[in-house]
Amino acid sequence: KYEGLHPRVRFNLGIRCENSGDQLAGLHHFLLSAYVARWDVDAWTNAAICAVGLKESDLLVAILTTGISRLGADVYDRLRNDLQRQGAPDEMLIELDSVAMAILADAERPGDGSFTLRILAGDSYEAMTIGGHGEG
């Protein structure tokens, strides 16, 4: 017997809804799964894919912002790879890259005089935080 908020149950319901064409219900289940199991990159990614399918750009940015703040770049990397595999147009991926890089830069902005260096390399990127030197 499963609880009503069990993340795997919600995730599987999201898959079932999405496969039957009900992206809004799928989004609902994926978001519940993501909020209960915050570490689940697949739940965040599938919620974002539903937002893309629903053409809800504000919701997509909110999902990416929350997912990235909790899990870092893995959320966007997975989303981008899934969208690319599903045949998303290059223009859309380029625009998403721009939005995601801004979200990542904001999420990784340290407050102690440090900075984060992100290096793009093909379809992926590396991040390195350089520690601050303190106040002088």
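Colleague: Which helix gives the most to the lining of the largest pocket, and how many residues does it give?

Modeller: In this predicted model, α6 gives the most to that lining, with four residues. The elements that give two or more residues to the lining are α3, α4 (57-71) and α6 (90-107), and the residues that line the largest pocket include Ala51, Leu60, Met92 and Val99.

Colleague: What makes up the lining of the largest pocket by class, and how much space lies in this pocket?

Modeller: The lining has seven nonpolar, one polar and three charged residues; among the lining residues are Lys55, Glu56 and Glu95, which count as charged because Lys and Glu belong to that class. About 220 Å³ of space lies in the largest pocket.

Colleague: Why is Asn46 called buried or exposed?

Modeller: Asn46, which is found in helix α3, has a relative accessibility of 13%, and since buried means under 20%, Asn46 therefore counts as buried. Leaving aside the neighbours within four places in sequence, Asn46 is in contact with Phe11, Glu18 and Phe30, and contact here means that heavy atoms lie within 4.5 Å.

Colleague: What makes you say that α3 is mostly covered?

Modeller: Eleven of the 13 residues of α3 are buried, including Val41, Trp44, Asn46, Ile49 and Val52. What covers the buried residues of α3 includes α1, α2, α4, α5 and α6. For the protein as a whole, buried residues make up 34% of the 136 residues.

Colleague: How do you know that the span of α1 is close to what is expected?

Modeller: Helix α1 (residues 7-19) has 13 residues, and the expected span is 1.5 Å times one less than the number of residues, which comes to 18 Å for α1. The helix reaches 18 Å from its first C-alpha to its last, so the span is close to the expected one.

Colleague: Why are the buried residues of α1 said to line one face of the helix?

Modeller: The buried residues of α1 are Arg10, Phe11, Gly14 and Cys17. Seen down the axis of α1, these buried residues fall within an arc of 125°, so they line one face of the helix. An α-helix has 3.6 residues a turn, so residues three or four places apart point the same way. What covers the buried residues of α1 includes α2 (23-36) and α3 (41-53), whereas on the other side of α1, Arg16 and Asn19 are exposed. Just after α1, Gly21 takes a positive phi of about 95°.

Colleague: What is the arc for α5, and why does it matter for calling its buried residues one face?

Modeller: In α5, the buried residues are Val75, Tyr76, Leu79, Arg80, Asp82 and Leu83. Seen down the axis of α5, they fall within an arc of 165°, so they line one face of the helix. Helix α5 (residues 74-85) has twelve residues and reaches 16 Å from its first C-alpha to its last, close to the 16 Å expected. Just after α5, Gly87 takes a positive phi of about 85°.

Colleague: What pattern does the protein follow along the sequence, and how many of its contacts are between residues far apart in sequence, at 24 or more positions?

Modeller: The secondary structure comes to six helices and two strands, and read along the sequence the pattern is α-α-α-α-α-α-β-β. Of the contacts with a separation of 6 or more, 44% are accounted for by residues 24 or more positions apart.

Terms used:
Residues are numbered from 1 along each chain as its sequence is written. This is a predicted model: local features need pLDDT of at least 70, side-chain atom pairs count only at pLDDT 80 or more; totals for chains, interfaces and linings use all residues. Side-chain values use heavy atoms; hydrogens and water are left out. Buried means under 20% relative accessible area, exposed over 50%, partly exposed in between (1.4 Å probe, protein chains only). The arc is that of the directions from the helix axis to the C-beta atoms. On a 1 Å grid over the protein atoms alone, a cavity is a set of points where a 1.4 Å probe fits but cannot get out, and a pocket is an open set with protein on both sides within 12 Å along at least five of seven lines; lining residues have an atom within 4 Å of a point. Grid points are joined across faces, edges and corners, and a volume is the space filled by probe spheres set on the points.
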